[in-house]
Amino acid sequence: MRLQKIVIGTLILLLIVGLVYKGYEEYMSTLEGDKAVPIVQDESVLGGLEVGQQAPDFTLSTLEGERLSLSQYQGKPVVINFWASWCPPCRDEFPELVSFEKATNIPVVGVNVTKNERRGKEDVEAFLDEYPVDFPILLDEEAAVEQRYRVVALPTTYVLDAKGIIVAKQTGPVDEAWLQGQVSQLSE
């Protein structure tokens with residue numbers, strides 16, 4: 001009887017040791033598989049585009065279906081504003097963007113992150129009924145431009161010089177005075 005208990009105890013002990021070893025082996029193999037994988041090919045955009053970088057070109061559609069490219073503004077300063085209809089600071093800054101464009105004739109391009117809208121284009125149209133604008137509103141329906149610019153919060157605004165270089169960036173709402181201050185530095 002005593003020998004039988006020793007054999008059973010030894011088998012249980014071996015089973016426990018085997019399970020611990022197998023668990024450790026699996027744990028170590030998962031660590032090997034957790035190597036960093038680059039999210040983007042262009043390492044310069046990690047963490048968002050910054051002042052001094054060339055703004056990537058993009059082409060998106062307007063609500064009317066017209067295709068518009070950033071490169072169409074080459075040769076003049078331009079303001080790019082990423083926004084969504086559900087974003088309260090975006091709502092607050094829209095009149096400032098309209099006022100800035102009217103006062104300066106510097107184009108503003110509104111990029112709606114349409115993929116984040118609950119009802120898509122319907123939400124954008126409802127927003128624009130409430131906040132009409134003269135500048136183009138582009139629909140980033142797949143969030144491709146948002147990802148390319150590495151936008152982490154809405155609203156985010158970029159001011160570009162005539163060569164397409166980012167001269168100012170603001171995460172959060174902007175006002176006309178801030179925009180005026182950024183473009184006034186372009187003429188200095």
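Contact here means heavy atoms within 4.5 Å. The structure is a predicted model.

## Overall make-up

The protein chain has five helices and seven strands. Starting at the N terminus, these elements follow the order α-β-β-β-α-β-α-β-α-β-β-α. Of the 188 residues in the protein chain, 39% are buried. Contacts between residues at least 6 apart in sequence can be sorted by separation, and 72% of them join residues at least 24 apart.

## Helix α3

Helix α3 covers residues 121-130, and its buried residues are D123, V124, F127 and L128. Viewed down the axis of α3, these residues fall within an arc of 130°, so they line one face of the helix. An α-helix has 3.6 residues a turn, so residues three or four places apart point the same way. What do the buried residues of α3 pack against? Their partners are β3 (78-83), α2, β4 (108-112) and β5 (137-139). On the face turned away from the buried side, α3 carries the exposed residues D129 and E130.

## Helix α5 and its crossing with α2

In α5, the buried residues are E176, L179, Q182 and V183. Seen down the axis of α5, they fall within an arc of 125°, so they too line one face of their helix. The buried residues of α5 pack against β3, α2, β6 and β7 (166-171).

Two packed helices are described by the angle between their axes and the distance between the axes. For helix α2 (residues 88-104) and helix α5 (residues 176-184), the axes come within 9 Å and cross at roughly 40°. Angles under 35 degrees count as roughly parallel and those from 65 to 115 as roughly perpendicular, and the crossing angle therefore makes α2 oblique to α5. The crossing of α2 past α5 is right-handed.

Which residues form this contact between α2 and α5? From α2 come E96, L97, S99, F100, A103 and T104, and from α5 come E176, L179, Q180 and V183. Sorted by class, the contact has five nonpolar, three polar and two charged residues. E176, L179 and V183 of this contact are also among the buried residues of α5.

## Loop residues

Several residues outside the helices and strands can be described one by one. The table gives the relative accessible area of four of them.

| Residue | Loop | Relative accessible area | Class |
|---|---|---|---|
| A55 | between α1 (2-33) and β1 (59-62) | 8% | buried |
| E141 | between β5 and α4 (144-148) | 40% | partly exposed |
| A143 | between β5 and α4 | 3% | buried |
| R150 | between α4 and β6 | 24% | partly exposed |

A55 counts as buried because its relative accessibility is 8%, and buried means under 20%. Leaving aside neighbours within four places in sequence, A55 is in contact with L70, Y149, L160, G164 and I166. One of these partners, I166, is 111 residues from A55 in sequence, yet their C-alpha atoms are 6.1 Å apart.

E141 is partly exposed. Residues up to four places away in sequence not counted, E141 touches T114, K115 and K121. The C-alpha atoms of E141 and N112 are separated by 8.2 Å, and the two residues are 29 apart along the chain.

## Backbone geometry

Most residues other than glycine have a negative phi, and most peptide bonds are trans. Where does the backbone of this model depart from that pattern? A143 has a positive phi, near 60°. A143 lies in the loop between β5 and α4 and is buried. R150 also has a positive phi, near 55°. R150 sits in the loop between α4 and β6 and is partly exposed.

The peptide bond that joins L154 and P155 is cis, with omega about -5°. P155 lies in the loop between α4 and β6 (156-160).

Conventions:
Residues numbered from 1 in each chain as written. Predicted model: local features only at pLDDT ≥ 70, side-chain atom pairs only at ≥ 80, totals over all residues. Heavy atoms only, no water. Axes fitted to C-alpha atoms, helices over the stretch in contact; angles between N-to-C directions. Helix = DSSP H or I, 4+ residues; strand = E, 2+ residues; numbered from the N terminus. Parallel < 35°, antiparallel > 145°, perpendicular 65-115°, else oblique. Left-handed = near helix turned anticlockwise from the far one by under 90°. Nonpolar A, V, L, I, M, F, W, Y, C, P; charged D, E, K, R; others polar. Buried < 20%, exposed > 50% of the residue type's maximum accessible area, 1.4 Å probe, protein only. Arc of directions from axis to C-beta.
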